[in-house]
Amino acid sequence: MPQATAYAIDGPTGRFARTTIERREPGPTEVLFDIAYAGICHSDIHTARGEWGPVKYPLVPGHEIAGVVRQVGAEVTRFAVGDRVGVGCFVDSCGQCEQCREGDEQFCDGPGGTVWTYNGTGRDGLPTAGGYSSCITVEADYVCRIPEGIELASAAPLLCAGITLYSPLKRWGAGPGKRVAIVGMGGLGHMGVQIAAALGAEVAVISQTRSKEADGLRFGAAEYHAVSEPGTLRGLRKSFDLIVSTVSADQNIGALLNCLKTGGVLVDVGLPEHPVTLSLGTLVGQRRVLAGSNIGGIAETQEMLDFCAGHGLAAQVEVIGADDIDAAYDRVVAADVRYRFVIDTATFTA
Ligand code: NAP
Ligand code: ZN
């Protein structure tokens with residue numbers, strides 16, 4: 001069995017420590033690849049800290065995974081040894097249900113549902129372990145190809161942050177003539193600004209402060225607003241066709257809805273710990289839409305990777321070593337990351 005060096009946390013207030021885990025010998029339709037980089041998504045933090053409910057500790061998080069193929073099963077034709085590949089938030093699904101047939105494997109209705117990359121249960125009945133590890137074995141159908149133009153370190157975050165913004169921006173028509181606001185410019189948000197601008201929309205950032213304004217404009221935003229300045233959201237009343245909120249903490253959704261034009265759409269992708277309250281008149285009175293979105297399917301994720309390569313887009317990353325994971329978590333929560341921490345697995349053996 002291939003062994004992986006991994007970093008695991010053993011409880012909601014624990015710290016990351018090195019461990020060894022076993023990966024499957026790749027079956028006929030599977031790929032084993034060496035992980036080069038794993039992004040730190042805020043979802044890793046919500047999960048590891050128990051903010052979303054029960055966790056199977058010890059937990060090896062990581063669902064923004066980029067690496068190079070080491071071994072392929074006998075029936076795998078799409079990948080060869082040495083290929084640059086990535087895996088996102090899930091590693092398996094039933095493949096038969098309506099959602100899977102539509103290419104929405106992230107909403108699998110089959111037995112066991114979508115198999116999440118970590119904190120899930122694989123078809124082998126064993127707990128899944130994510131990308132903070134040196135290698136992983138995955139069904140080839142759940143592996144994406146990383147285009148040549150994108151460095152592996154800056155490609156890793158596309159497997160979650162990239163697709164999570166690409167999917168709703170496409171679905172809800174971000175493009176020429178549309179005014180689109182991205183709320184929260186962290187890992188997800190900074191990809192949203194780039195992708196929405198590349199799709200041809202007129203993009204605004206709504207951030208807590210002006211500290212990232214120059215970056216927001218460099219990523220392609222035409223406007224930048226800071227809610228720390230009194231009256232900001234009131235001043236944006238009925239301004240946008242589409243708003244995508246990536247905020248990871250509690251916020252006033254009603255105030256954001258009021259920034260939508262009549263019939264506008266607010267897509268929330270942020271998943272804070274607590275429920276929100278909302279006055280429904282804010283929706284009803286202007287025929288507004290409040291929607292959610294959850295990553296994207298495999299085909300759409302490949303489409304997003306190719307779109308990013310074609311438009312010269314990638315994540316802006318801060319590469320860290322294994323010993324920095326705990327500190328990086330605190331910095332993400334403090335919105336102090338530019339704009340995604342990515343763990344370099346070469347530091348695992350140091
Ligand atoms: P992140 O890098 O921490 O970015 C979140 C941003 O939200 C921060 O950069 C900050 O932006 C803003 N923010 C943070 N605290 C805030 C507060 N108290 N009030 C207002 N704004 C605040 O996190 P991420 O990795 O992008 O993930 C964002 C959220 O999406 C998380 O809840 C995560 O679990 C969720 N998520 C969902 C999906 C999905 O498929 N739906 C996928 C991945 C992640 P500014 O500094 O610009 O204000
Ligand atoms: Zn994620």
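Gly270 sits in the loop between β14 (260-268) and α9 (281-284). Helices (H or I, at least four residues) and strands (E, at least two) are DSSP runs, numbered from the N terminus. Gly270 is buried, at a relative accessible area of 7%. Buried means under 20% relative accessible area, exposed over 50%, and partly exposed in between, with a 1.4 Å probe and protein chains only. From Gly270 to Arg101 the C-alpha separation is 27 Å, across 169 residues of chain.

This is a predicted model, in which local features need pLDDT of at least 70 and side-chain atom pairs count only at pLDDT 80 or more, while totals for chains, interfaces and linings use all residues. Residues are numbered from 1 along each chain as its sequence is written, chains are lettered from A and ligands numbered from 1 in the order in which they are written, and side-chain values use heavy atoms, with hydrogens and water left out.

**Pairs distant in sequence**

Glu51 belongs to the loop between α1 and β4. Its relative accessible area is 26%, so Glu51 counts as partly exposed. Glu51 and Leu271 lie 220 residues apart in sequence, yet their C-alpha atoms are 9.9 Å apart.

Val333 is part of helix α11 (residues 325-333). Val333 is partly exposed, with a relative accessible area of 47%. Its C-alpha lies 7.8 Å from that of His42, and 291 residues of chain separate the two.

**The ligand site**

His42 appears again at ligand 1. Of the 28 residues around this ligand, His42, Ser207, Lys212, Ile295 and Arg340 come nearest. A residue is near a molecule or strand if one of its heavy atoms lies within 4 Å of it.

The shell divides into twelve nonpolar, 14 polar and two charged residues. Here Ala, Val, Leu, Ile, Met, Phe, Trp, Tyr, Cys and Pro count as nonpolar, Asp, Glu, Lys and Arg as charged, and the others, Gly among them, as polar.

Both domains take part. Domain 1 (3-160 + 296-349) and domain 2 (161-292) each give at least three residues to the shell around ligand 1. These bounds come from an automatic or database domain assignment. Helices α1 (42-48) and α5 (187-198) each supply at least two shell residues. The largest share, three residues, comes from α1.

Polar contacts are pairs of N or O atoms within 3.5 Å; within protein, one must be able to donate a hydrogen and the other to accept it, and residues adjacent in sequence count only if both atoms are side-chain atoms. Contacts to oxygen atoms of ligand 1 include these:

| Residue | Residue atom | Distance to an oxygen atom of ligand 1 |
|---|---|---|
| Met185 | backbone N or O | 2.8 Å |
| Gln208 | polar backbone atom | 2.8 Å |
| Asn294 | polar side-chain atom | 3.2 Å |

On its own, ligand 1 has 910 Å² of accessible area, and the protein covers 91% of this. Such areas come from the Shrake-Rupley method with a 1.4 Å probe; for residues, only the protein chains shown count as cover.

**Backbone details**

Ile295, one of the residues that come nearest to ligand 1, also has a notable backbone angle. Its phi is positive, about 35 degrees, although Ile295 is not a glycine. The residue lies in the loop between β15 (289-292) and α10 (298-310). Ile295 is buried, with a relative accessible area of 5%.

Asn119 is another non-glycine residue with a positive phi, near 60 degrees. Its place is the loop between β7 (115-116) and β8 (135-139).

Two cis peptide bonds can be described. One joins Tyr57 and Pro58, with omega about -5 degrees. Pro58 is in the loop between α1 and β4 (65-72). Another runs from Arg338 to Tyr339, with omega near -15 degrees. Tyr339 falls in the loop between α11 and β17 (340-344).

**Cysteines**

How many disulfides does the structure hold? It holds zero. A disulfide is a pair of cysteine sulfur atoms within 2.5 Å. Why is Cys100 without a bond to Cys97? The closest cysteine sulfur to that of Cys100 is in Cys97, and at 3.7 Å it is too far for a bond. Cys308 is in no disulfide either; the nearest cysteine sulfur, that of Cys144, is 12 Å away. Cys100 is buried, with a relative accessible area of 8%. Cys308 is buried as well, at 0%.
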